[in-house]
There are 2 protein chains.
Amino acid sequence: MKTLIQNTKILTMTSEQVIENGFIAIENDRIVYVGEQKPENFEADQIIDGKNKAVIPGLVNAHCHIAMTLLRGYADDLPLEEWLFQKVFPIEDKLTCADITCGTSIGLMEMLRTGTTCFADQYFMMDNVARAVEQAGMRANLTRCQMCFDEDVDIQKDKTMQEARAFYQNWHGKADGRIQVTLSPHSVYGCTPRYIEGIVSMAHELGADMQMHLSETAKEVADCQAKYGKSPVQHFHDLGAFDRHAFVAHGVHVSEQDMLLLKNKNVSMVHNPGSNMKLASGVAPIAQYMQNGINVALGTDGACSNNNLNMFEEIQLAALLAKGHFMNATSLKAYEAIQMATVNGATALNLPAVGKIKAGMKADLVMLDLDQPHCYPMHSLISALVYSMNGSDVVMTMVDGTILYQNGEYLTIDAEKVKFEVKQSVARLF
Amino acid sequence: MKTLIQNTKILTMTSEQVIENGFIAIENDRIVYVGEQKPENFEADQIIDGKNKAVIPGLVNAHCHIAMTLLRGYADDLPLEEWLFQKVFPIEDKLTCADITCGTSIGLMEMLRTGTTCFADQYFMMDNVARAVEQAGMRANLTRCQMCFDEDVDIQKDKTMQEARAFYQNWHGKADGRIQVTLSPHSVYGCTPRYIEGIVSMAHELGADMQMHLSETAKEVADCQAKYGKSPVQHFHDLGAFDRHAFVAHGVHVSEQDMLLLKNKNVSMVHNPGSNMKLASGVAPIAQYMQNGINVALGTDGACSNNNLNMFEEIQLAALLAKGHFMNATSLKAYEAIQMATVNGATALNLPAVGKIKAGMKADLVMLDLDQPHCYPMHSLISALVYSMNGSDVVMTMVDGTILYQNGEYLTIDAEKVKFEVKQSVARLF
């Protein structure tokens, strides 16, 4: 299959230079050409005209719990502990495979509608998530998130350990390579040290990457200090969790020493401004991370603490919060905020062929309509993307060269069926 | 003209109770009935079906400079002083009547597209703004913003004083009462004390309300302290500026004493979270204002410091920032954030018949599509409006009972002409 996108603005993310009227040639799952001239000798099966439109790399949502979309708007304006233990966990105990499937599918629709082509997801009953991702044609980094409070657990016989291993073995590299599987101790407060060591040991054995929650709240850090005499970063570090390629979510409460540890181990940090603000967890010091040379990606977290999966909102929040909270108007420039949601996300998820529009890269692309009032005038596409536009401006989303969403149509998802199933699940659960 | 909106969710803003399947009857510019039953003996000329939709009061943007939409995205990631003096003022010096007109019209399109029915605006060449508002059918509180650094100015002969007076006399109460005119000393740093007294005196003479910028940056407060030995709030207060009904924009840097003065004089505060974050001006202590019983409204500020006029983003930012910055997840609940953008805005602008859906009130209404992925599931309409949805979900905007925007069509604005004129203006100005 050969596709040509023509006559369109292009932000390649290889530099801040915008191609004002360019062409992208795609062969199967790969970009084979990008430039200002029409490619020679390229006979397209399909031509997409990009007049009054812009093409950017598909966005990478580097921290999510997609099936939690079923809990969207169910518990607002509460602090994290109360929200999690009194509201979220009791509902999660009741979730069935059917719930996970439709919760995932409605989340995938929202992601595709708003320009996300790849996401990292931590949850349970992950086979259902993986199947939905495979069918939808999305790209994802999935993990069976692990928690264990039992000091004497038999690591070999532990059910969750077995599930995480089986999930890795069944799904890593599947769906034409679109699905990657990682291992994930939920957090320092969600796992015993022995359990974390068990997961790290399995990661070495399988050759798996790692992802986890880290230093999200001040309480988490204080509790870790009290229990283990060290910060969550140091604790994970000392248990070997960063000896594999790893990316961590939140990183709100970190010291200079923590940053050095993360930098030394090449750990990526996933910033979740919307969730952190909503749960009043604090504000991650993004400028400091960047000064320390740490790769910073961006995530929405689950729709129960956001309450949507719209990465354009997250990009804007990141740019505004870095300025407003730390009172520095030059902090996190617009282009840097887009980098977080594209190339940096791909780096975090260990996907070198994702995040830029360049020959040889995966054809994960998003096309946006520029003919809306909020796009007039357009002094700068980069500024518009961050500060003026929104996910609703997306008119086409493509993964691996296949169009998954276009002008209101979900080409791989039965939207009406999914919406019906979501209503059924919610009626039963709540 | 009689219009019936039927079978729709309604958030009236008279309480948090959502009408799940309701009816709104409109006669000319007024709502005559709201309820769960179809109104009896109401023969509608026009019926609007609201299945899978919600109706809320039109949003009130209580601080804007709409013609600055021409400068959208032109100067980003800069501190306020540099942004204003080196970037904004030089362009503003070049603006013509034609620029103001098309800059206003593209802003009106964006407002209508995203659910704003009423706005407060401070700028110059305001006749052009008023004409565009009148033609578009919007509601607005407009003011010829006044600055003067000349200690010896002849108040009677001053050109800007005369413009402000003429604008009041020509436009206050015009456009079927949709246009209100106020007086506005720009700020304590933009006017001499004598000049402010001159404006206050004119306000008393005309019976005009007042609006101004206030305590936006720490520098403004420090400079005012150094020059006058008092805070900007105290300074305006002592010059009599709060003896008329007044609303002030920003209010970021205020003391407890300032709050008491504002409360005593019944001054409304207009919160501009997006602009304040983007320019790193600081974060207004909204919870404290509310604890002090001060009416807090919401504004976008101009599109050059936001960079859009989308009040749904502002509602979400207000709710998230109050939690995230002050680390209190229960601060500014979702319903309170919507109040700021509706009833509180109407109170600030002295419009008692605006901001609620209730018999006798003006028919300023917004209809939203609930059939988008980010609306599934919908545990709470209020939560969805604040945390999940966006201005792009608006499908119909009505002012004074007249539909001004519906399903992509601007019924009172020639959209293609406006977009063309914006491009012409920008090509000449920049």
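These are worked exercises on the contact between two chains and on some salt bridges and buried residues in a predicted model.

Local features here need pLDDT of at least 70 and side-chain atom pairs count only at pLDDT 80 or more, while totals for chains, interfaces and linings use all residues. Residues are numbered from 1 along each chain as its sequence is written, chains are lettered from A and ligands numbered from 1 in the order in which they are written, and side-chain values use heavy atoms, with hydrogens and water left out.

**Exercise 1. Describe the contact between chain A and chain B, and name the residues of chain A that bury the most area.**

Step 1. Start with the residues: chain A brings 60 residues to the contact and chain B brings 60 residues. Contact means heavy atoms within 4.5 Å.

Step 2. Now turn to area. The size of an interface is often given as the accessible area lost when the parts come together. Here about 4,800 Å² is buried between chain A and chain B, with 60% of that coming from carbon and sulfur atoms. Buried area is the accessible area (1.4 Å probe) that two parts lose on being put together, summed over both.

Step 3. Look for the main contributors. A:Asp77, A:Tyr376 and A:His379 account for 15% of the area that chain A buries against chain B, more than any other three residues.

Step 4. Count the polar links. Between chain A and chain B there are 34 residue pairs in polar contact, both residues being at pLDDT 80 or more. A polar contact is a pair of N or O atoms within 3.5 Å; within protein, one must be able to donate a hydrogen and the other to accept it, and residues adjacent in sequence count only if both atoms are side-chain atoms.

Step 5. Place the surface on the fold. On the side of chain A that touches chain B, the elements giving two or more residues are α2 (97-113), α9 (273-278), α11 (311-324), α14 (381-388) and α15 (415-429) of chain A. α11(A) gives the most, with seven residues. Helices (H or I, at least four residues) and strands (E, at least two) are DSSP runs, numbered from the N terminus.

**Exercise 2. Work out what relation superposes chain A on chain B.**

Step 1. Chain A is superposed on chain B by a rotation of 180° with 0.0 Å of shift along the axis, at an RMSD of 0.0 Å. The fit is by least squares on the C-alpha atoms of residues with pLDDT of at least 70 in both copies.

Step 2. That is the relation of a two-fold axis.

Step 3. Check the surface: 100% of the contact residues of chain A recur in chain B, so the same surface serves both copies.

**Exercise 3. Find salt bridges that cross between the chains, and say whether their residues are buried or exposed.**

Step 1. Side chains of opposite charge can pair when their charged atoms come close. A salt bridge is a side-chain nitrogen of Lys or Arg within 4 Å of a carboxyl oxygen of Asp or Glu. There are four salt bridges between chain A and chain B, and 38 over all chains of the structure.

Step 2. Take A:Asp77 and B:Lys323, whose side chains meet in a salt bridge at 3.5 Å, N to O. A:Asp77 sits in the loop between β6 (59-64) and α1 (80-92) of chain A, and B:Lys323 in helix α11 of chain B. Both A:Asp77 and B:Lys323 are buried. Buried means under 20% relative accessible area, exposed over 50%, partly exposed in between (1.4 Å probe, protein chains only).

Step 3. Next, A:Lys419 pairs with B:Asp371, their closest N and O atoms being 3.0 Å apart. This pair runs from helix α15 of chain A to the loop between β14 (365-369) and α14 (381-388) of chain B. A:Lys419 is buried at 7% relative accessibility, whereas B:Asp371 is partly exposed at 25%.

**Exercise 4. Trace the salt-bridge network that includes A:Asp364.**

Step 1. The members are A:Asp29, A:Arg30, A:Arg139, A:Lys362, A:Asp364 and A:Asp400.

Step 2. A:Asp364 and A:Arg139 form a salt bridge, with the closest N and O atoms 2.7 Å apart. A:Asp364 lies in the loop between α13 (343-348) and β14 of chain A and A:Arg139 in strand β8 (residues 139-146), so the pair ties together parts that are 225 residues apart in sequence. Relative accessible area is 5% for A:Asp364 and 3% for A:Arg139.

Step 3. A:Lys362 lies in the loop between α13 and β14 of chain A and is buried at 12%. The side chain of A:Lys362 makes a polar contact of 3.4 Å with that of A:Asp400.
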